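Here is a walk through one protein model, written for someone opening it for the first time. Keep the view at hand and look up each residue as it comes along.

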Amino acid sequence: MAIIVSFIVAAAILARENAFSWHGHAITKLFLCFPLLMLIQYLFFQHQSWADLLLPVAYFFLAALATVIGTSLSQSRTERDHLALMMASAFFIASLLSVVIQILQVSGLSLAPVVMYMGKTTIFPRPYGNIAQPNQLALILCFGLAGLIFLYRVQRLSNILTVISAIMLLLGLVMTQSRIGWIIIPAYALFLLRKDEHPKTVPGAILLGYVCLYFFLVFFESHIVGLLGWQGGSVIERIGGVRSERAALWQQAWHIASHHPWVGIGWFGFGEEQVRIAANFPSSTYAEHSHNVVLNLAAEMGWPFTIILLAFLSWWVYQTCVLSGQSLAVRFASFCLLAVMVHSMVEFPLWYAYILLPVAMLMGMLQQNRWPANGVVLPSVLVISGALITLALIVVLSLDYRRVVQAFDVLRSEGAKNQKSLQQPAITIFPQFYDYFKLMSIVPTEGMHDDEIAFIESATYRFGFMHNLNKLAEACVLNGRQDQAIQVMRTLQRLHPDGYPEYFDYWRAKAAMDPRYMNVFKKMLPRNSP
């Protein structure tokens with residue numbers, strides 16, 4: 001939320017500059033294509049609920065705004081250098097701060113609410129710093145390394161400070177235990193060996209030293225943390241493991257894209273469709289994204305749009321990052337795009353505003369560098385009024401979401417008995433969560449109406465958690481739908497293999513007392529299924 005507000009405020013401040021010009025260009029239009037296609041899907045195919053589309057549409061409009069700001073602040077080489085310096089400094093400082101927070105978390109210190117507490121354990125944790133997700137933190141740290149390289153080469157950092165900072169960022173990257181660094185760090189080093197127009201370079205021997213240090217820490221992390229009293233997993237365990245969750249997610253996404261090739265299942269539809277089909281695939285995990293941007297777009301938006309988008313972006317990246325002059329600003333932006341592209345193959349970083357908006361801003365800068373264009377001067381009152389209206393909408397959105405959070409607190413503390421606090425208000429932007437609250441209040445019984453079972457089914461597809469799937473299975477078994485109950489319990493195991501044994505034991509106990517449960521229990525997957 002902070003970065004969204006920052007962009008809105010920045011737009012209002014820039015509007016006050018005399019003769020400040022605003023630029024709309026190909027990348028801006030690209031981001032605006034997404035809401036248009038989502039609208040077409042909604043109007044003609046009714047794939048998704050409007051409530052699940054509202055925030056994504058807002059994100060794409062904000063991304064378009066970010067490209068406009070990035071372009072508008074890059075009218076000359078000097079302005080591009082200043083913009084790159086600002087963003088590199090922000091990434092660098094944020095990354096160093098994140099590493100400090102990681103160290104505090106690993107130490108087991110309780111400094112809440114400033115630092116998220118992780119607690120002390122015998123197993124070495126994956127400290128997530130201030131991002132709350134270690135893989136996303138790894139990407140931020142790669143941005144920080146790109147910023148560090150830029151700051152060093154423009155002589156804003158001394159040699160000793162650069163060395164210390166580089167070691168800290170590499171250490172933080174290793175602590176996240178994210179595998180994206182295995183590709184990004186060598187790629188950074190290789191690209192740095194390519195000459196550009198700036199005289200200050202990083203010697204190849206030093207680059208090799210940093211790469212060797214990083215992989216030494218990666219391969220010997222379990223031994224190092226063992227000396228400090230923790231247990232840590234080895235690299236082999238991270239590569240292999242009992243099951244490959246991402247491989248199963250990619251299979252599911254490919255299946256969805258194959259069965260909905262033209263317009264996809266609809267934006268944000270992967271999670272619901274995954275619950276419908278997961279029983280027929282290997283065990284994975286319940287997810288709302290396929291953890292691969294190409295397959296996710298194909299599944300949700302269709303193959304034609306995905307292929308055209310990838311072809312355009314490939315051409316655009318080649319034009320802006322390879323054929324354009326290799327200034328340090330371009331090199332910095334290219335490093336950030338490289339990191340995002342690598343991470344997008346195994347995660348969904350662009351679904352987060354703190355990744356999407358800075359990346360969109362850098363794309364605007366690259367666009368203006370490759371194809372300089374004049375913008376349009378807008379009346380400042382128009383831009384400022386738009387910014388104020390947007391900020392007011394953000395306040396309304398935040399208050400509405402806070403009401404949802406308070407309802408979840410009531411649900412956790414009092415259960416579904418307090419119906420007044422869980423009742424959907426007359427106007428809300430988040431009606432799907434009140435469907436979840438309604439689902440929590442339903443107790444499966446015999447003689448349930450078909451409409452009530454249909455509601456349980458639809459809400460469970462939207463929120464495919466273990467307890468919801470189990471509730472749907474019980475509603476089915478008590479109302480003569482044994483085949484569906486078997487399929488749902490198979491889905492529960494496939495999406496929640498770690499929690500499945502608990503529900504297996506529950507159904508075994510129920511089966512001992514009720515033959516209807518026994519008929520389903522006999523056909524359930526084994527308790528310790530992988």
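Let's start with a cysteine. Cys33 is partly exposed, since its relative accessible area is 37%, a value between the 20% and 50% limits. Cys321, on the other hand, is buried, with a relative accessible area of 9%.

Does that lead to any bonds between cysteines, and how many disulfides are there? The structure holds 0 disulfides. As a reminder, a disulfide is a covalent bond between the sulfur atoms of two cysteines. For Cys321, the closest cysteine sulfur sits in Cys336, and because the gap is 10 Å, that is too far for a bond.

How far can you trust the picture? The model is predicted, and its mean pLDDT is 92, with 97% of the residues at 70 or more. Confidence is lowest in helix α10 (residues 235–239), where the mean is 66, and highest in helix α21 (residues 466–477), where the mean reaches 98.

Helix α21 is also home to Leu469. This leucine counts as buried because its relative accessibility is 2%, under the 20% limit. Setting aside neighbours within four places in sequence, Leu469 is in contact with Val275, Thr460, Gly464, Val488, Thr491, Leu492 and His496. You can also check its spacing to Glu457: the two residues are 12 apart along the chain, and their C-alpha atoms are separated by 8.6 Å.

Next, jump to helix α3 (residues 50–72), where you'll find Ala66. Ala66 is buried too, at 0% relative accessibility. Its C-alpha atom is 9.8 Å from that of Ile4, although their positions lie 62 residues apart in the chain numbering. Beyond the neighbours within four places in sequence, Ala66 is in contact with Phe7, Leu357, Ala360 and Met361.

Helix α4 (residues 77–106) has its own buried residue to look at, Gln102. Its relative accessible area is 0%, so Gln102 is buried. Not counting residues up to four places away in sequence, Gln102 touches Pro127, Gly129, Leu137, Leu141, Gly172, Met175 and Thr176.

Now for a pair of helices. Two packed helices are described by the angle between their axes and the distance between the axes. The axes of helix α6 (residues 159–176) and helix α8 (residues 204–219) come within 10 Å and cross at roughly 30 degrees, and the crossing is right-handed. On the α6 side, the residues are Thr162, Val163, Ala166, Ile167, Leu170, Leu173 and Val174, and they meet Tyr210, Leu213, Tyr214, Leu217 and Val218 in α8. What kinds of residues make up this contact? They divide into 11 nonpolar, 1 polar and no charged.

Finally, a look at backbone angles. Most residues other than glycine have a negative phi, and most peptide bonds are trans. Two residues here have a positive phi:

| Residue | Phi | Place | Relative accessibility |
|---|---|---|---|
| Ala132 | near 70 degrees | loop between α4 and α5 (134–153) | 43%, partly exposed |
| Gln177 | near 60 degrees | loop between α6 and α7 (181–193) | 16%, buried |

So which of these loop residues is buried and which is partly exposed? Gln177 is buried because its relative accessible area is 16%, whereas Ala132 counts as partly exposed at 43%.

Terms used: Residues numbered from 1 in each chain as written. Predicted model: local features only at pLDDT ≥ 70, side-chain atom pairs only at ≥ 80, totals over all residues. Heavy atoms only, no water. Helix = DSSP H or I, 4+ residues; strand = E, 2+ residues; numbered from the N terminus. Buried < 20%, exposed > 50% of the residue type's maximum accessible area, 1.4 Å probe, protein only. Contact = heavy atoms within 4.5 Å. pLDDT = per-residue confidence, 0-100. Axes fitted to C-alpha atoms, helices over the stretch in contact; angles between N-to-C directions. Left-handed = near helix turned anticlockwise from the far one by under 90°. Nonpolar A, V, L, I, M, F, W, Y, C, P; charged D, E, K, R; others polar. Disulfide = S-S within 2.5 Å.
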